[in-house]
Amino acid sequence: MELTQTQTQTLPQQPQSWLRRLSWFDWAYAAALLIGAGVALQLYGGYMDGYEKAILTGAALSVAGLGWHWKPVRVLMIVLVGVSLWSISLYQGELARADKAFFLKYMISSQTAIMWMCFLYAMSGVSYWAGLLARADGLTRTGSGFLWSATTMGLIGLMVRWYESYLIGTDVGHIPISNLYEVFVLFCIITSLLYLYYEGRYATRKLGAFVMLIILAAVWFILWYTFDRGAHEIQPLVPALQSWWMKIHVPANFIGYGAFSIAAMVGVAYLLASKGVMTRLLPPAEVMDDVMYKAIAIGFAFFTIATILGAMWAAEAWGGYWSWDPKETWALIVWLNYAAWLHMRLIKGLRGPLLAWWAVVGLLVTTFAFIGVNMFLSGLHSYGTL
Amino acid sequence: MAQHTRSRAAYDLLSSMRFAISLLTVLAIASVVGTVLKQAEPYPNYISQFGQFWFPVFEALGLYDVYHAAWFLAILSFLVLSTSLCIYRNGPGMLREMRNFRELATERSLQHIQQRAEFELAVPAAAALSRATQYLTASGFRFRSVPRGEDGADTLIAAKAGSYHRTGYLLTHCGIVVICFGGLLDGNIPLKALQLSGQKVIETRDIPQSQVPPQSRLSPANLSFRGNVNIPEGTSASVVFQNVADGYLVQDLPFTVALKKFHIDHYSTGQPRDFASDIVVTDNETGERFERTIRVNYPFIHKGIAIYQASFADGGTRMQLKGWPLLSPRVAPFDVAGAVNQSTRITSGDTEIRVELSDFRPFNIEDLASNTGASSRVEVASVSKKVLDQLGSGAADNTKKDLRNVGPSFQYRLRDTQGQAREFSNYMLPLQLDGAWYLMTGVRGNPNEGFRFLRLPLDIDGRIDGHMQLRATLLDEKSRAEIGRRFARNAVSGSAVSETMRERLAESAEKVLQLFALRGFESVGQFIEKGIPQAEQEKAADVYVKVLEGAALEALQLARERVKLPPAPFEPQTLRFVRDSLTSVSDSFAYGAPIYLQLVQYEEIKASGLQLTRSPGKNIVYTGSLLLVLGIFAMLYIRERRIWLLVKPAQGKMLLAMATNRHTLENEHEFERHKAALAAAARD
Ligand code: HEM
């Protein structure tokens with residue numbers, strides 16, 4: 001401090017505006033996304049309606065913003081787009097190539113990619129648990145790496161599946177979030193991404209083992225559904241689902257489900273730690289508590305949006321924004337549950353095991369709303385029967 | 001006074017969060033009931049489910065339509081009231097708080113704040129102040145600076161950021177009130193009131209719409225409704241039906257909807273791709289006409305009433321049928337004409353049967369591969385083979401399936417004089433099964449069962465007539481002697497056989513035919529079981545079947561002779577036909593109807609199920625939803641932070657305190673950041 005400086009120059013850590021902190025790479029990334037969207041609009045705009053164009057543009061902008069806010073997404077997107085385009089080019093417009101071209105058959109056709117996803121998730125789960133129990137950071141870092149690659153593979157699988165559906169028939173083609181099989185893949189992906197975000201934010205990989213439990217449960221379901229039920233086959237859409245609403249309603253819902261799942265799994269870790277089990281291995285209670293709150297907060301926000309979008313879609317497809325259909329009603333119950341959770345925490349300042357238990361029970365309610373309703377109750381949402 | 005405190009207590013309770021949370025819990029539980037118990041079913045279903053005792057109890061509780069029950073609406077209304085009071089109570093304070101800089105904070109109160117720090121001033125106070133305020137502004141804080149201390153020598157900077165957090169509370173809670181209000185507007189409260197006061201009465205009779213009396217009709221001016229109507233092609237409707245409890249109300253519309261045509265498009269796999277109706281809406285007042293096509297997800301809205309494609313049904317397809325007696329010794333097909341949803345009477349012998357045509361389907365896509373039993377599930381594949389099979393595209397593997405359109409089918413019930421009915425489902429076109437062609441007719445005793453199919457084999461010319469003639473001849477008592485004679489002659493032709501042997505052969509053929517005409521193979525079997533020692537039964541059965549088949553072959557030739565056809569050639573195909581005919585006749589005894597109805601010709605008429613709604617509350621609900629979402633994001637993602645800096649040049653000290661309304665980990669990180677920065681501002 002021997003320099004004589006003017007006052008402003010000595011100002012310490014002058015907070016820079018968010019935009020100024022963006023690098024050339026950030027700008028190039030966003031520009032590439034927008035150009036990509038522009039090209040898509042140019043080439044295929046004729047097949048889209050205004051809403052679909054808006055969704056495409058909105059998606060490009062959101063992914064750009066997400067990449068700016070959370071840098072690893074940029075790499076993920078580059079790999080995703082690159083590999084998906086490569087896969088599409090290998091198809092040469094012919095579905096049968098999936099069985100002939102080596103890379104398609106064994107790497108990046110949709111089913112193969114999803115199988116790889118399952119395998120990599122399993123590896124990730126093993127690594128996280130080994131790393132947690134052995135207190136080996138190297139292993140949890142490996143788990144994290146597997147988790148990133150599994151998620152990338154899953155996304156590639158969905159992208160290619162989207163393309164394949166159009167190869168089956170242009171009238172069959174649709175975004176692959178239309179049945180239970182596809183949304184389970186989506187669930188794995190979204191839950192992983194949300195978790196990976198918190199992993200970076202809180203700089204701890206110790207919760208991965210617990211979050212992997214729910215992801216592996218979903219993977220198990222995907223495998224059973226594929227091998228036992230053959231549910232992986234691409235089916236055309238029933239008329240009620242042929243709507244651009246699906247493209248925003250379903251992902252919003254799954255951000256909710258994924259976040260609630262993370263909260264519940266962290267809740268389990270919290271409860272174990274509070275009982276003295278693995279207390280030394282897990283992050284401090286405040287961190288787990290905070291992750292739980294953050295997850296429920298984001299989940300609640302998106303679940304609210306999803307429910308409202310669902311109501312608007314229902315108004316258009318069924319003639320009423322709210323019909324007290326079992327699925328709708330259970331969505332309301334889930335929503336009320338987490339609203340109560342947030343009130344207790346934010347207003348009553350409640351903390352500790354009770355809220356953790358509540359988050360765990362909340363997941364049971366959510367799971368029932370997600371799958372139970374389809375299995376046990378009948379109603380308008382009858383597309384997802386097991 | 002006591003009055004006053006009591007109402008005050010009620011106000012406190014109603015506007016408290018505790019009460020609101022309790023209401024939400026009750027609401028959630030009540031909603032569960034409504035999802036577990038199927039809502040708005042016909043009342044007889046509930047009676048059979050719960051019995052005579054519980055049915056009225058549950059009815060009184062409104063469990064058959066929970067979401068419209070008075071108590072449910074009361075809970076919702078309380079929720080609105082309670083949330084409104086809560087806003088009224090907390091809102092003004094929140095707004096004040098939002099604007100307030102809290103510059104009145106004293107040094108002592110700052111000492112009580114948990115996050116605080118104290119720095120030595122190494123630069124002139126003015127410099128430190130200027131650096132600090134610059135930093136705070138750059139960090140998104142707004143501040144107010146006030147003099148403090150005896151002579152105003154000290155300076156307090158009161159800064160805040162994220163005060164819009166507080167709007168979150170207002171927005172969410174107002175959002176909820178607005179949504180509930182819109183929802184109640186679209187609910188049936190006015191209708192409930194009219195019903196309770198006796199001005200409107202639910203119609204429970206099944207009568208033509210035009211005869212429904214005025215007290216069961218709702219005027220076109222009705223603010224909100226949601227009703228359904230089925231319109232057959234070529235007809236129109238100017239009312240919809242609102243189902244209420246165990247009856248309905250007729251809602252008159254301000255326009256007429258005519259259905260020109262209903263379309264279903266299909267994917268190549270047979271699943272429906274699109275349902276659409278070409279409708280013409282004619283306004284009753286202005287006479288304006290709107291020709292539109294509505295599809296699922298694409299309604300048409302006129303005068304605030306939205307017209308949705310909701311369902312479809314048969315609209316009275318007209319059919320030409322041919323009736324074949326199945327167990328009669330004479331071939332006498334008769335014509336029947338009818339339409340779906342109509343019934344006709346036919347007389348078969350001395351009994352009268354009512355035919356109720358119930359449905360028609362222009363095509364049926366069936367997976368014929370799964371019927372042949374080729375795809376048995378027991379395959380021993382290694383895990384790696386199974387995985388390898390799954391690799392590749394997600395496209396369906398159609399090699400395992402044999403999807404085919406097997407043509408039109410129709411359904412009907414046959415009701416006897418006692419009112420007992422059986423349901424039948426017949427395909428119009430023949431089906432090839434195991435290499436031969438059959439007409440298929442399915443039967444079931446009650447709607448929960450699947451259909452069991454009877455196969456009627458086609459003759460060499462691909463018609464049903466040959467089988468029917470054979471059937472009649474087989475069952476004809478008068479033909480038996482002749483069949484027996486021919487059987488005996490042909491069975492042993494060429495060799496020198498005694499006349500008595502011949503006679504015995506003819507007799508046994510007659511005997512088997514007679515048994516067979518009783519109840520098919522069943523009665524032949526029973527005869528063998530009773531009359532023949534166990535050890536020889538199997539051999540005897542063989543002989544009987546041979547004799548029966550031989551006799552049936554003779555019956556076939558006899559039948560052909562009678563209708564002046566040349567004899568059937570003696571080849572495997574003919575034998576197969578005879579065997580199939582025998583099976584078919586034998587199965588007919590369990591078929592449960594004396595006649596088979598063959599579809600000859602049809603003229604399809606479809607009906608479109610439309611749902612019409614007027615919901616003035618919709619846009620209110622959407623507005624409320626927007627408020628809710630904005631509020632939630634404001635509440636969860638805007639953090640309110642307040643910073644106080646007390647600069648005391650006399651002591652050479654600067655005091656920092658930071659407060660937030662939420663306790664999260666970020667706060668600590670943020671405080672550390674500000675602390676470091678402001679410490680630097682005070683340093684040289
Ligand atoms: C389900 C959506 C709801 C959400 C997300 C929500 C959220 C919140 C939040 C975050 C607060 C704290 C405000 C603050 O102090 O910063 C709050 C307060 C409160 N809420 Fe709700 N609320 C909801 C529904 C309700 C309902 C339906 C009621 C019914 C009456 C209600 C009653 C209250 C009350 C009484 C307070 C206390 C206000 C105070 O004293 O500060 N809330 N709510």
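**A tour from the ligand outwards**

Begin at B:H173, where a polar side-chain atom lies 2.7 Å from a nitrogen atom of the ligand. Keep in mind as you look around that this is a predicted model.

Now select A:H343 as well. One of its polar side-chain atoms lies 2.6 Å from a nitrogen atom of the ligand. With a histidine from each chain on screen, where does the ligand sit? Its place is between chains A and B. The elements that each give two or more residues to the shell around it are α13 (326–346) of chain A and, from chain B, α2 (17–36), α4 (70–99) and α7 (165–186). Try colouring these four helices one by one. Which of them gives the largest share of the shell? That is α4(B), with five residues.

Next, show the whole shell, which has 20 residues. Those that come nearest to the ligand are A:H343, A:I347, B:A20, B:H173 and B:M635. If you colour the shell by residue type, you will find eleven nonpolar residues, eight polar ones and one charged one.

Leave the ligand now and select residues 534–562 of chain B, which form helix α15. How far apart are its end C-alpha atoms? They are 41 Å apart, and this agrees with the 42 Å that 29 residues should span at 1.5 Å a residue. Look along the helix to B:A540, where α15(B) bends by about 30°. Then step just past the end of α15(B) to B:K564, which takes a positive phi of about 60°.

Finish by colouring the model by confidence. For the complex, the predictor gives an ipTM of 0.89 and a pTM of 0.83. Chain A averages a pLDDT of 90, and 93% of its residues score at least 70. Select residues 1–11 of chain A, where the pLDDT is below 50; this stretch has nine contacts in the model beyond near neighbours in sequence. Residues 382–386 of chain A also have a pLDDT below 50, with twelve such contacts.

Chain B averages a pLDDT of 86, with 95% of the residues at 70 or above. Its residues 371–380 fall below 50 and have three contacts beyond near neighbours in sequence. Where pLDDT is low, the predicted coordinates should not be read in detail.

Terms used:
Residues numbered from 1 in each chain as written. Chains lettered and ligands numbered in written order. Predicted model: local features only at pLDDT ≥ 70, side-chain atom pairs only at ≥ 80, totals over all residues. Heavy atoms only, no water. Near = heavy atom within 4 Å. Polar contact = N/O pair within 3.5 Å; in protein donor to acceptor, adjacent residues only side chain to side chain. Nonpolar A, V, L, I, M, F, W, Y, C, P; charged D, E, K, R; others polar. Expected span 1.5 Å × (residues − 1). Bend = angle between axes of the 7 residues up to and from the residue. pLDDT = per-residue confidence, 0-100. Contact = heavy atoms within 4.5 Å.
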